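The following questions and answers are intended for a first-year student learning to read a protein model. Please keep the sequence and the structure in view while working through them.

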Amino acid sequence: MFSIIIIIILTTLSCGASEDQEPQIKKEITDVLPHDMVFIPGGYFTMGSDTDDESPRHKVWVDPFFMDKFEVTNHQYKEFIEATGHPKPPFFNNSDLNKSDQPVVGVSYYDAASYAKWAGKRLPTEAEWERAARGGLKGKYFPWGDKPVTSRCNYAPKGSKEADGYEHTAPVGKFPPNNYGLYDMAGNVWEWCQDFYDTEYYKTSPVKNPLGPDSGYTRVLRGGSWLSINPKYLKCSSRLELKPFVQDRYYGFRCAKTP
Ligand SMILES: [Ca+2]
Ligand SMILES: [Ca+2]
């Protein structure tokens with residue numbers, strides 16, 4: 001087994017505490033941390049920004065969870081296909097996109113959710129995804145800080161896809177991780193979350209573990225992609241709305257897991 005048994009001392013913030021004042025409640029749990037995931041501590045963070053559907057900024061509490069270090073790769077997705085007979089996604093034969101360590105693309109929300117269930121995981125909520133992307137930094141645009149930097153993620157700076165070293169999707173983990181040890185939270189592929197999308201959701205979102213609207217049509221993706229020209233799509237707070245059956249070259253995912 002690749003998994004290791006760990007004892008995690010969870011340090012959680014009590015309800016009502018500010019981000020800067022952290023009364024701590026210690027709770028012990030014993031669990032299995034999969035080798036390909038990292039532990040994201042529970043706590044408060046400020047979700048959103050002051051613009052568009054990212055507004056208003058609002059305080060959110062997220063319980064501790066595990067998050068995949070990397071976007072799900074073609075190699076991993078091939079194992080899923082072989083084990084279950086799930087249909088191959090488009091682009092699986094495209095030599096620009098189908099290397100084993102490149103992220104799988106052309107997966108719909110339903111494909112991503114099916115993979116996650118097969119893997120014993122689930123898709124992250126939108127709130128979990130944003131907390132994970134911020135890596136503990138407060139109020140920064142990107143997982144590393146405020147300035148878009150071509151050496152930090154795979155996108156298409158000023159329309160030049162290869163300016164960051166990768167004309168198409170990059171193999172996962174080629175750029176530095178954020179403070180939580182997560183790779184490619186900005187760029188490479190947009191990542192499906194489990195929530196329905198609602199432009200107005202942040203105005204009524206619950207504080208504790210928001211799950212998104214109860215119903216809807218479109219779903220949320222996060223993080224921007226290798227074809228994003230404008231760095232605004234790479235922001236931790238950037239939200240993309242998409243019909244759940246769409247499969248295209250920009251869309252992939254990673255999984256989360258409840259400890
Ligand atoms: Ca690029
Ligand atoms: Ca990504």
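The questions below concern a predicted model, and they proceed from the overall fold to single residues.

Q: Which pattern of helices and strands does the protein follow along the sequence?
A: The protein contains three helices and 11 strands. Read from start to end, the elements follow the pattern β-β-β-β-β-β-α-α-α-β-β-β-β-β.

Q: What percentage of the contacts between residues at least 6 apart in sequence join residues at least 24 apart?
A: The protein has 259 residues, of which 41% are buried. Among contacts between residues at least 6 apart in sequence, the share that joins residues at least 24 apart is 73%.

Q: Which element gives the largest share of the largest nonpolar core?
A: In soluble globular proteins, nonpolar side chains tend to be buried together. Here the largest nonpolar core has 51 residues, and those with the most contacts inside it include Met67, Ala132 and Trp192. The elements that give two or more residues to this core are S3, S6, H2, H3, S7 and S8. The largest share, four residues, comes from H2.

Q: How many residues does the other core, with Tyr44 and Val60 among them, have?
A: This core lies apart from the largest one. Met47 and Ala127 also belong to it. Its number of residues is five.

Q: Why do the buried residues of H1 line one face of the helix?
A: In H1, which spans residues 74–84, Asn74, Gln76 and Tyr77 are buried. Glu82 and Ala83 are exposed on the other side of H1. Seen down the axis of H1, the buried residues line one face because they fall within an arc of 160°.

Q: Which helix is included in what covers the buried residues of H1?
A: The residues that need covering in H1 are Asn74, Gln76 and Tyr77, which are buried. What covers them includes a helix that spans residues 109–118, namely H2.

Q: How many of the residues of H3 are buried?
A: The buried residues of H3 include charged as well as nonpolar names, among them Glu126, Trp129, Arg131 and Ala132. H3 is largely enclosed by the rest of the structure, because the buried count is nine of the nine residues.

Q: At about what angle does H3 run to S7?
A: S7 and S8 pair in the antiparallel sense over three bridges. H3 lies across S7 and S8. The angle at which H3 runs to S7 is about 140°.

Q: Which strands stand at the edges of the open sheet of four strands?
A: The sheet has the order S9-S8-S7-S10, with mixed pairing. Two of its strands have a single partner each, so one side of each is left without a neighbour in the sheet. These edge strands are S9 and S10.

Q: Which residues of S6 are buried on the side opposite to Phe65 and Met67?
A: In a regular strand the side chains alternate between the two faces of the sheet. Both faces of S6 are covered, with Phe65 and Met67 buried on one side. On the other side, the buried residues are Phe66 and Asp68.

Q: Which residue is the bridge partner of Met67 in S11?
A: S6 runs antiparallel to S3, to which four bridges join it. S6 also pairs with S11 in the antiparallel sense, over two bridges. In S11, the bridge partner of Met67 is Ala256.

Q: Is Asp184 buried or exposed?
A: Asp184 is found in the loop between H3 and S7, and its phi is positive, near 60°. A residue counts as buried if 20 or more other C-beta atoms lie within 10 Å of its own. Because Asp184 has 30 C-beta neighbours inside 10 Å, it counts as buried.

Q: What distance separates the C-alpha atoms of Gly120 and Lys257?
A: Gly120 is found in the loop between H2 and H3. Gly120 is exposed, with 9 other C-beta atoms within 10 Å. Lys257 is 137 residues apart from Gly120 along the chain, and the separation of their C-alpha atoms is 7.9 Å.

Q: Which form does the peptide bond from Ser55 to Pro56 take?
A: Pro56 lies in the loop between S4 and S5. The peptide bond from Ser55 to Pro56 has omega near 0°, and its form is cis.

Methods: Residues are numbered from 1 along each chain as its sequence is written. Chains are lettered from A and ligands numbered from 1 in the order in which they are written. This is a predicted model: local features need pLDDT of at least 70, side-chain atom pairs count only at pLDDT 80 or more; totals for chains, interfaces and linings use all residues. A residue is buried if 20 or more other C-beta atoms lie within 10 Å of its own, exposed if 12 or fewer, and partly exposed in between; C-beta atoms are placed from the backbone. The arc is that of the directions from the helix axis to the C-beta atoms. Two residues are in contact if their C-beta atoms, placed from the backbone, lie within 7 Å. A nonpolar core is a set of buried Ala, Val, Leu, Ile, Met, Phe, Trp, Tyr and Cys residues joined through C-beta atoms within 7 Å. Two strands pair if DSSP finds at least two bridges between them. Axes are lines fitted to C-alpha atoms, for helices over the stretch in contact, and angles run from 0 to 180 degrees between N-to-C directions.
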